[in-house]
Amino acid sequence: MSLKPVVREGASSTDAPGDRANGIEVNAVEVRFPNGFYGLKQTSLNIPAGTFCTLLGPSGSGKTTLLRAIAGLITPSAGTITIGSREVTSLSVQARNIGFVFQNYALFPHMTVAQNIEYPLKLHKWPQVERQARTKEILELIELPHVAARAVGELSGGQQQRVAIGRALAYRPSLLLLDEPMGALDRRLRQQLGSDLREIQQRTGITTVYVTHDQEEAFILSDKIAIMDGGEILQYDTPAELYFRPNSRFVARFLGEANIVPIERLVPTAIDETRLAATPLGEIPVATSSKGVTSGEPLSIVLRPEDLFLVKDEPRNDDWSPAISVRIEKELFLGSRCLVTVSSQAGNTLLVECNKSDVPPCGTDAWVTWKRTSAVLINR
Ligand SMILES: Nc1ncnc2c1ncn2[C@@H]1O[C@H](COP(=O)(O)OP(=O)(O)O)[C@@H](O)[C@H]1O
Ligand SMILES: [Mg+2]
């Protein structure tokens with residue numbers, strides 16, 4: 001009697017998007033370790049089928065804990081986890097049908113690339129013909145058919161990680177989970193493997209959860225990013241929304257340079273949604289629909305250095321564009337851009353991004369201006 005491989009009915013041999021895309025629903029999940037520490041405070045996260053979702057945060061923020069809870073490697077102390085239409089909270093790792101990739105790829109170095117990919121299929125007792133067909137398919141997916149017969153130990157770090165991704169996908173998992181898979185690679189390899197991974201994910205349409213502390217990596221790869229700190233998700237959004245509409249000081253600062261200006265008072269104006277903010281820099285008009293701002297609590301304005309313009313003469317203030325008189329303090333040349341520190345008359349500093357050729361000499365006076373809509377409100 002030959003054992004049939006466990007392939008979903010209707011699944012094609014190609015990895016068409018939607019083939020086996022399952023969404024993930026994390027509902028009020030909490031992870032309390034035996035020592036009483038909360039690795040994850042009550043957390044909810046909805047990852048639609050086919051999404052590339054990244055958990056991004058500093059070391060110790062709870063990314064791995066959340067990933068392990070989704071995988072079934074940690075049992076939550078409260079809450080539920082649903083994959084597709086199945087609640088899996090109390091199911092074993094094996095029963096969840098998940099593909100894993102970790103930093104230390106844990107491939108078998110003495111086996112060939114093809115043998116490594118075939119290995120999980122053997123474990124699941126797929127018949128030989130099916131195994132070989134699937135292995136060939138995966139080798140093409142990860143674009144390594146030409147090294148199929150080589151021992152993995154002979155491949156570059158980036159190629160090895162592609163084999164690890166291929167092996168994780170071989171058994172048609174319903175989810176792909178990756179925990180800092182590029183941690184051991186140098187910058188150039190990370191970029192290459194990152195774009196390979198994104199392509200593989202889009203071709204297969206598999207729902208993917210990716211853990212990293214590298215914001216650039218998260219931006220390049222993700223449909224959605226959950227920013228984590230202290231065992232909590234602070235904001236869950238698209239990369240652009242997170243960058244342009246951060247909901248907190250932490251998110252604004254974690255995702256790049258940000259000028260954060262405290263607001264003393266905020267009063268409505270006659271112009272659409274514009275309000276006038278009294279700040280240490282003077283009165284600043286703000287037109288913004290901001291996320292998660294609790295009224296009644298102290299507010300600040302977030303201004304990205306690249307949204308600010310340095311001009312020599314006072315701009316004409318006919319469209320409620322803010323303008324602040326400043327002095328050029330110092331210039332930091334970063335190759336593709338220049339970060340200029342300027343100080344206001346009250347002594348507050350701002351970072352402004354400029355082209356090298358546009359930077360006025362240090363010690364001279366200038367004006368900083370920006371579009372009203374560039375200013376984002378956050379709770380202080
Ligand atoms: N088994 C454990 N027992 C106690 N504390 C733990 C355990 N595992 C992780 N932690 C703690 O939980 C926090 C989150 O860890 P982790 O999820 O690994 O963070 P990240 O992956 O974001 O770096 C850290 O403070 C870590 O020290
Ligand atoms: Mg981790």
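Me: Which residue is the bridge partner of E25 in β4?
Reply: This is a predicted model, where local features need pLDDT of at least 70, side-chain atom pairs count only at pLDDT 80 or more, and totals for chains, interfaces and linings use all residues. Residues count from 1 along each chain as written, chains are lettered from A and ligands numbered from 1 in written order, and side-chain values use heavy atoms, without hydrogens or water. Look along β4 (a strand is a DSSP run of E, at least two residues, numbered from the N terminus), and the bridge partner of E25 turns out to be T82.

Me: How many bridges join β1 to β4?
Reply: Find β1 at residues 24-32 and β4 at residues 78-83. They run antiparallel, and the number of bridges joining them is five.

Me: Which strands are at the edges of the open sheet of four strands?
Reply: Go through the order, β2-β1-β4-β5, with its antiparallel pairing (strands pair if DSSP finds at least two bridges between them). An edge strand pairs on one side only, and that fits β2 (38-47) and β5 (86-87).

Me: Why is one side of β12 and of β14 left without a neighbour in the sheet?
Reply: Here three antiparallel strands make an open sheet, ordered β12-β13-β14. β12 (265-268) and β14 (282-287) stand at its edges, so one side of each has no neighbour, as each has a single partner strand.

Me: Which residue in β13 stands opposite P268?
Reply: β12 pairs with β13 (residues 274-279) in the antiparallel sense, over four bridges. Check across from P268 in β13 and you'll land on R275.

Me: Which residues surround ligand 1?
Reply: A residue goes on the list if one of its heavy atoms lies within 4 Å of the ligand. Going up the numbering, you meet F33, N35, F37, P58, S59, G60, S61, G62, K63, T64 and T65.

Me: How far is an oxygen atom of ligand 1 from an N or O atom in the side chain of T64?
Reply: Let's collect polar contacts, meaning pairs of N or O atoms within 3.5 Å. A backbone N or O atom of G60 lies 2.7 Å from a ligand 1 oxygen, and for a backbone N or O atom of S61 the distance is 3.1 Å. T64 uses its side chain instead, and there the distance to a ligand 1 oxygen is 2.8 Å.

Conventions: Polar contact = N/O pair within 3.5 Å; in protein donor to acceptor, adjacent residues only side chain to side chain.
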